[in-house]
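Reader: I would like a close look at a single part of this protein, with the geometry spelled out as carefully as the model allows.

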Amino acid sequence: MSGENTRSNTISRKEFLRYMAIIAGGTITVSQYVACMEKKDKYAHISSRISGASAKAGHMMRDQQFGTPDITEYTDAVIVGGGAAGLTAARHLHHSGFTNFRLLELEPHTGGNASSGSNQYSAYPLGAHYLPIPNTDNQPLLDLLAEAGILTGYDPNGLPIYNETDLCYDPEERLYIRNRWQEGLVPQLGISHQTQDEIRRFLELMEQLRKAKGSDNRYAFDIPVANSSNDALYRELDQLTMEEWLTQQHYHSEELRWYLDYCCRDDYGAGISTISAWAGIHYFASRKGKAANADSSQLLTWPQGNGRLVQHLQQFSRDKTQTGCVVYKITPETKQVLVDYYDINTHQIKRLVAKACIMATPQFITQRLIPGGQYDHAFVYSPWLVANITLDQIPESSGYQLCWDNVIYQGKSLGYVNAQQQRLTQQLPAKQVITYYLPLDHLDPVASRKYAIALSPQHWVKLIADDLEAVHPGITELMHDIDITVWGHGMIRPHKGFITGDVRAAAQKSPFANVFYAHSDLSGISIFEEAFYHGNKAAGALTDYCG
């Protein structure tokens, strides 16, 4: 689906086994993996399925030739893409009184990687699962949260007050390290005095950079990224990887480096050897949120993750949204834009004629659709796997109690989130649901994407169950169902030189007066706040253009 050079998704048994051995941790051989797979009875009781972005439908846009549209319809504006940016753009148009628009989405539902699912026991996220307390100068985002009933008011000092049921309940985080769970994700158990000093020094530096401003009087690191300082002192950090910068700054602790690698994999889908130092520091220094009833580090979260935000946004375009649409051609003209698409539901080729268009799609799609567009491979997307696991119970283990976020030190995965943490009753549900996150960064993105799409649910079940057995012996027997979501292009990857590079800057400028771009990849960082920013920006520009 991307502009990357890929081979067929058909893989040989030898290739498959090698990949599974790598992704399982690199600690077993292919022959050992084969022996394990032959013991199928161990996993036979676990039902499973794969959902997520439809590679088959997306490849129709890339591979098929469509004829002349059978049906032509007219509207004032078209939004292509129904992720967080597209839904935000639709909300902005609605609030501006601009109501004659259509939203076209490839998938059967809108939401993108902020989508959610549910079963009889719980709602759960299929991707993004939290929103940090917003920066207090991000008024548009605060207004959205107030509109959604998440922000309930302001105290006499002007600090936001959040609904208590939307703030992450205690206990929030724990780390499995040295055969037991500890509170918090920064390693504490069994670390040396030198490591303690490095961790303290690093966190103190991040606090300084959180407050730092450049010569242009803008914060060095801010959200949205567009508000960050252009001072060369900070921008030059983008020319180093996070790992190179750590070495320069004499941070050598294994535990600290693991923690920072985890943070980068969590937000960007790749570790410190790949992610730029600017992006790695942005993770820590850009958050300046404050609240009257919560610490600045606290999170907003829901059983369905950021699906809670999506569900609120969907109301503004529900009657204007058409799903199952393979948009395959955009033709900007002087006073109109032609949007041609294949309707999967009716098997018809259709055309929308509009005054203007918002492309709320990632660059690997946008540049295929725009005349003269050429996808630049500087835009690299991290593949991901998210698995929602229904089980009898989460087994007890030594150390700190079950938390919302449960991470494994030096694990291939990022651990799991307790999807039912925010329940309003203390009574345990009949079954428990946990959300398991695995960035597929074991090989380069193209290779990982190819293999991940080709794997069966049963193979993922084994990998997931075996990973969790390391911290919860016997958990496989307690599992009943695994809902697997594979994101081939889960998030943009801010590799060295990308944030401050010419390619990202050029991608934000549409060559056509009546076509506007909106997607978080334009920021180089795939978080809800960036999608929200670009959706509002594009919709504002469109309404100005249309008068």
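Which residues do ring pairs link into a cluster?

Author: In this predicted model, the cluster that ring pairs hold together consists of Phe202, Trp245, Tyr251, Tyr259, Tyr283 and Phe284. Within the cluster, phenylalanine 202 and phenylalanine 284 make an edge-to-face pair, with 5.3 Å from centre to centre and 85 degrees between the planes. Since phenylalanine 202 belongs to helix H6 (residues 193–211) and phenylalanine 284 to helix H10 (residues 277–285), the pair ties together parts that are 82 residues apart in sequence. As for accessibility, phenylalanine 202 is buried at a relative accessible area of 0%, and phenylalanine 284, with 10% relative accessibility, also counts as buried because the cut-off for that class is under 20%. This pair belongs to a wider set, for the model holds 18 aromatic pairs by the rule applied here.

Rings also take part in contacts with charged side chains, and two such cases can be described. Lysine 213 lies over the face of tyrosine 219, at 4.8 Å from the ring centre, while arginine 174 lies over the face of tryptophan 181, at 3.8 Å from the ring centre. Tryptophan 181 falls within strand S11 (180–183), which, like strand S1 (47–51), is an edge strand pairing on one side only. The sheet that these strands border is an open one of eight strands with mixed pairing, in the order S1-S22-S18-S21-S20-S19-S10-S11, and its twist averages 20 degrees from one strand to the next.

Key: Residues numbered from 1 in each chain as written. Predicted model: local features only at pLDDT ≥ 70, side-chain atom pairs only at ≥ 80, totals over all residues. Heavy atoms only, no water. Pairing = 2+ DSSP bridges. Helix = DSSP H or I, 4+ residues; strand = E, 2+ residues; numbered from the N terminus. Axes fitted to C-alpha atoms, helices over the stretch in contact; angles between N-to-C directions. Phe/Tyr/Trp six-rings, centres within 6.5 Å; stacked < 30°, edge-to-face > 60°. Buried < 20%, exposed > 50% of the residue type's maximum accessible area, 1.4 Å probe, protein only. Lys NZ or Arg CZ within 6 Å of the ring centre and 35° of its normal.
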